[in-house]
2 protein chains.
Amino acid sequence: MKSLAVSLTMRPLECATTGGARVHLNPHCEADMPSNDPLIPVVAQDVKTNNVLMLAYANKLALRMTKRTGYMHYWSRSRNKLWKKGEESGHLQKVVSLHTDCDRDTILARVRQTGPACHKNTYSCFTDTVFKPEDIFETLAQVFRERKRAPKKGSYTYALMKDRDRLLKKLGEEAVELIVAIQNRKKARVTAEAADLVYHVLLALFTAGVSLDDVKAELERRHAT
Amino acid sequence: MKSLAVSLTMRPLECATTGGARVHLNPHCEADMPSNDPLIPVVAQDVKTNNVLMLAYANKLALRMTKRTGYMHYWSRSRNKLWKKGEESGHLQKVVSLHTDCDRDTILARVRQTGPACHKNTYSCFTDTVFKPEDIFETLAQVFRERKRAPKKGSYTYALMKDRDRLLKKLGEEAVELIVAIQNRKKARVTAEAADLVYHVLLALFTAGVSLDDVKAELERRHAT
């Protein structure tokens, strides 16, 4: 089944008004929330990394306020009241999309998180670590680290690691081969040559003590300006 | 607070025995599960992509079986019984790690998912789509698509897109500059030159109709053999 991306269009606001960035609730309305209003779990996910930031609960009012304002609102079970995430800490969650699950009793909220998501000032409520998705570039980096730690006879990677001149000559050669492949307009050849070049660039960076994350951060800086 | 990665070490098994890959529950023991055994939500996350696959519930027995077998077990609220995820469909979830949240009433399970996670045969219970983490490479690809769609005067990207020879000469030039920087052993210079090279390689691949995903798939194929 296709997921239902909950629409973020404006709806009539029954229980609250907004003034600037702040939300003013009608206290009468909030007090009137029936305690048996079904609460459903909401998983908040960081759109930047796909990491799970926290799980909290929402009822109809919290969902309405979330859709109305574009910022995550939850229902606090301990305080039995509406809770705008980050209202006190400033660690707001801007909604990117809301998705219900197959039986419509859970919501996945993809958000842009300001600051740490957890009230204990950690990145997420589950871990300090930002989990990286498994990725061939990360797998290659692990192979490089392993070859450096435990040299392996007959390993091409290890042979290039030990011979910087040979590695850099290969890098130049692979760049030229990619250029020729692109000129020849053969997609499969371009893909294969690009894979060769990428492998040698990553290995050369590794031997120079530069990570792909460093390079990405440099590209981010340029993109930002 | 540091997350508590729940240990996956073997523990005495009170309510079930395993025979090969199958788990045989003691029916008496299962029937004896108190209905007020607290159920807590478990968020299952795909370690390959970090996408959220599903949310289900576990009690002590389900957690014990998960730790004992290394495969996710949940407690079905509708059937009021233990449920080994994928037992019928074969769509098992091999546990990589379990993490409790800051107030220890939710679990994040990082898993290797076999097949679709949702019983409706979709990748996850929330969406058909595998959400990609935001990434500078993806951002650059978006810029390339946008420049192709709507040419922008004064855009360096657009200028290179229109002039293949110039783009490929730049690619060669940047490769040589990276090689020289690595020879000179200046990390900041290496990072900057690698960023230059990566940008030009990505743009050259884009003009050749090859995506970074194609290149990654090629590297995966090689890695797998």
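Let's start with the sheet in chain A: four strands make up an open sheet, ordered S4-S3-S8-S7, with mixed pairing. Its edges are strand S4 (52-58) and strand S7 (93-100) of chain A, each of which pairs on one side only. Going from one strand to the next, the twist averages 25 degrees. Keep in mind as you look around that this is a predicted model.

Now step inside the sheet. Strand S3 (residues 40-46) and strand S8 (residues 107-113) of chain A run parallel to each other, joined over 5 bridges. If you want a residue to anchor your view, try A:Gln45, whose bridge partner in S8(A) is A:Arg110. Then look for helix H2 (residues 60-69) of chain A, which lies across S4, S7 and S8 of that chain. Relative to S7(A), helix H2 runs at about 120 degrees.

Zooming out a little, the secondary structure of chain A adds up to 7 helices and 8 strands. The chain has 225 residues, and 51% of them count as buried. As for how the fold is wired, take the contacts in chain A with a separation of 6 or more: 49% of them come from residues 24 or more positions apart. On the outside, chain A exposes about 11,400 Å², with 52% of that supplied by carbon and sulfur atoms.

Next, bring in the second chain. How does chain A relate to chain B? A turn of 180 degrees and a shift of 0.1 Å along the axis lay chain A on chain B with an RMSD of 0.1 Å. That is the relation of a two-fold axis. To find the axis from the chain A side, go to A:Asn50: its C-alpha is the one in chain A nearest the axis, at 2.6 Å. The interface tells a matching story: 100% of the interface residues of chain A are also interface residues in chain B, so the two copies meet through the same surface.

Finally, the aromatics. Searching the whole structure turns up 8 aromatic pairs over all chains. One of the rings to look at belongs to A:Tyr156, which pairs with A:Tyr199: the centres are 6.2 Å apart and the planes sit at 20 degrees, so this pair is stacked. It takes planes under 30 degrees apart to count as stacked. A:Tyr156 comes from helix H4 (residues 156-162) of chain A and A:Tyr199 from helix H6 (residues 187-207) of chain A, so the pair links distant parts of the chain, 43 residues apart. Are these two tyrosines, A:Tyr156 and A:Tyr199, buried or exposed? A:Tyr156 is partly exposed, at 35% relative accessible area, while A:Tyr199 counts as buried, at 13%.

Over in chain B, B:Phe144 and B:Phe206 give you a tilted pair, 5.6 Å centre to centre with 55 degrees between the planes. B:Phe144 sits in helix H3 (residues 136-149) of chain B and B:Phe206 in helix H6 (residues 187-207) of chain B, so the pair ties together parts 62 residues apart in sequence. B:Phe144 is buried, with just 2% relative accessibility, whereas B:Phe206 counts as partly exposed at 23%.

Back in chain A, there's one more thing to pick out. A:Phe144, A:Tyr156, A:Tyr199 and A:Phe206 form one aromatic cluster, and the stacked tyrosine pair, A:Tyr156 with A:Tyr199, belongs to that cluster.

How values were computed
Residues are numbered from 1 along each chain as its sequence is written. Chains are lettered from A and ligands numbered from 1 in the order in which they are written. This is a predicted model: local features need pLDDT of at least 70, side-chain atom pairs count only at pLDDT 80 or more; totals for chains, interfaces and linings use all residues. Side-chain values use heavy atoms; hydrogens and water are left out. Helices (H or I, at least four residues) and strands (E, at least two) are DSSP runs, numbered from the N terminus. Buried means under 20% relative accessible area, exposed over 50%, partly exposed in between (1.4 Å probe, protein chains only). Contact means heavy atoms within 4.5 Å. Accessible areas come from the Shrake-Rupley method with a 1.4 Å probe; for residues, only the protein chains shown count as cover. Copies are superposed by least squares on the C-alpha atoms of residues with pLDDT of at least 70 in both. Two strands pair if DSSP finds at least two bridges between them. Axes are lines fitted to C-alpha atoms, for helices over the stretch in contact, and angles run from 0 to 180 degrees between N-to-C directions. Rings of Phe, Tyr and Trp (its six-membered ring) pair if their centres lie within 6.5 Å; planes under 30 degrees apart count as stacked, over 60 as edge-to-face and the rest as tilted.
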